Amino acid sequence: RCKNLSVSFWNSYWMLPSDVCGMNCFWEAAFRYDYMKTHPSEKMHLAVVACGERLEETVTMLRSAIIFSIKPLHFHIFAEDQLHENFKDILDQFPYEGKVNYTLYPITFPSESATEWKKLFKPCASQRLFLPLILKNVDSLLYVDTDILFLRPVDDIWSFLGKFNSTQIAAMAPEHEEPRIGWYNRFARHPYYGVTGINSGVMLMNMTRIRRKYFKNDMTPVRLQWGEILMPLLKKYKLNITWGDQDLLNIMFFHNPESLYVFPCQWNYRPDHCIYGSNCKAAEEEGIFILHGNRGVYHDDKQPTFRAVYEAIKNYSFGDDLVHSLLQPLEQELQKTMHTYCGRVYKVFIKQLTKSIRDLYARRSKG
């Protein structure tokens, strides 16, 4: 684990990693960069589904992915038809030709049940369930919700693919760290994974394995493949599920727990991790790696700490100095939120961001 910094972020900006990391942190970083070194030409595939008023939020997420990532990125953007031209106009202006490519797709569901899938939970959210069947030529994929912000390179979460054992096909984070405030363990009327369930807002998938796997289930003694199991699951549980496709994934991995790799909470940090008091210990130690602003917290005043990070990344101009244009103004805004529970731990929101900026400039100085 990386040790907490006892000096200000600005004074520690140019500290070497060996000054702030213990051996565990060193070996974790060594594994990640060894994986990158042995997969030098690998392109990272990131998918998102955008409907309704999610254009700005999605673009901000994509910007955060671009800022720190090392290997090339390919964005797979599933969006309603009326959003395609807006996405194209914005993404074509991004100044990273060669590093970033994108493909726009329409929202599509199986024709015989399209209306039912589209209305499940939020508009278009269940599109993610069909990505392994649509993107048949993509081996691995990182799916994220539109309200995700990357505070460290996508490369780092992508490298977890190399940690999967022979049975694991996907990776997600727990829905809650504290069972006393957990939703699934208190209210769910269907099976769910583990103690508190899993959150599907950040989902890393080995899609080749997903397409090949036969899943255990509680509908038939016969194991079913991904494309065969989705509709029967919906028919059986549609009156018992609250969170739509996420609930279906929980049911699926309840019956196939050996297939899931579980991320620590700082890879999917949500308001639930701080609004009732800080309960993501890994983030307290190392900072937040991926911020998930669910509950609409980027767009209202209920959680100003989350909104401050979102606004800082949204307003950052590519090419500007990251310290003076992003990090310093953000810390000033975060200090104004200390009257809230999340604001009291505001330093976890910039601890990893500070390191990501330092690492980026170190890479640039080496050419």
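**Entry 1: the first crossover**

I started with the path from strand 1 to strand 2 in this predicted model. Strand 1 (residues 44-50), helix 3 (residues 55-68) and strand 2 form a β-α-β unit, and I noted it as right-handed. I then looked up how the two strands pair. Strand 1 and strand 2 are parallel, with 7 bridges between them. I picked out one pair: His45 has His74 of strand 2 as its bridge partner.

**Entry 2: strand 2 and its surroundings**

Is strand 2 buried or exposed? I went through residues 73-79, and 7 of the 7 are buried, so strand 2 is largely enclosed by the rest of the structure. The cut-off I used for buried is under 20% relative accessible area. Next I sorted the side chains by direction. Leu73, Phe75, Ile77 and Ala79 point one way. His74, His76 and Phe78 point the other way. Both sets are buried. His74, the partner of His45, therefore belongs to the buried residues of a strand that is largely enclosed.

**Entry 3: on to strand 3**

I followed the chain onward from strand 2. Helix 4 (residues 84-91) links into a second right-handed β-α-β unit, made with strand 2 and strand 3. Strand 2 and strand 3 (residues 100-105) run parallel and are joined by 6 bridges. I checked two positions along this pairing. Phe78 is opposite Tyr105 of strand 3. Phe75 is opposite Tyr102 of strand 3. Helix 4 packs on the sheet and touches strand 1, strand 2 and strand 3. I read its direction against strand 3 as about 175 degrees.

**Entry 4: the whole sheet**

What is the strand order of the open sheet? I traced 7 strands in the order 3-2-1-4-7-6-8, and the pairing is mixed. Strand 3 and strand 8 (260-262) are the edge strands, each pairing on one side only. From one strand to the next, I noted an average twist of 25 degrees. I also looked at helix 11 (residues 245-255). Helix 11 lies across strand 6 (170-174), strand 7 (198-206) and strand 8. Its angle to strand 7 is about 65 degrees.

**Entry 5: helix 3 against helix 13**

I returned to helix 3 to see its packing on helix 13 (residues 304-315). The axes are 9 Å apart, at an angle of about 75 degrees. Helix 3 and helix 13 are therefore roughly perpendicular. From helix 3, the contact uses Glu56, Glu57, Thr60, Arg63 and Ser64. From helix 13, it uses Tyr310, Ile313, Lys314 and Asn315. I sorted these residues into 2 nonpolar, 3 polar and 4 charged.

**Entry 6: helix 14 against helix 16**

I took a second helix pair. Helix 14 (residues 322-335) and helix 16 (residues 351-365) have axes that come within 11 Å and cross at roughly 170 degrees. That angle makes helix 14 roughly antiparallel to helix 16. Helix 14 contributes Leu322, Val323, Leu327 and Leu330 to the contact. Helix 16 contributes Leu353, Thr354, Ile357, Leu360 and Tyr361. Here I counted 8 nonpolar residues, 1 polar and no charged. At the contact of helix 3 with helix 13 I had 4 charged residues.

**Entry 7: chain totals**

I closed with the chain as a whole. How many helices and strands are there? I found 16 helices and 9 strands. Of the 367 residues, 57% count as buried. I also took contacts between residues at least 6 apart in sequence, and 73% of them join residues at least 24 apart.

Notes: Residues numbered from 1 in each chain as written. Predicted model: local features only at pLDDT ≥ 70, side-chain atom pairs only at ≥ 80, totals over all residues. Heavy atoms only, no water. Buried < 20%, exposed > 50% of the residue type's maximum accessible area, 1.4 Å probe, protein only. Helix = DSSP H or I, 4+ residues; strand = E, 2+ residues; numbered from the N terminus. Pairing = 2+ DSSP bridges. Right-handed = clockwise from strand over helix to strand, strands pointing away. Axes fitted to C-alpha atoms, helices over the stretch in contact; angles between N-to-C directions. Parallel < 35°, antiparallel > 145°, perpendicular 65-115°, else oblique. Contact = heavy atoms within 4.5 Å. Nonpolar A, V, L, I, M, F, W, Y, C, P; charged D, E, K, R; others polar.
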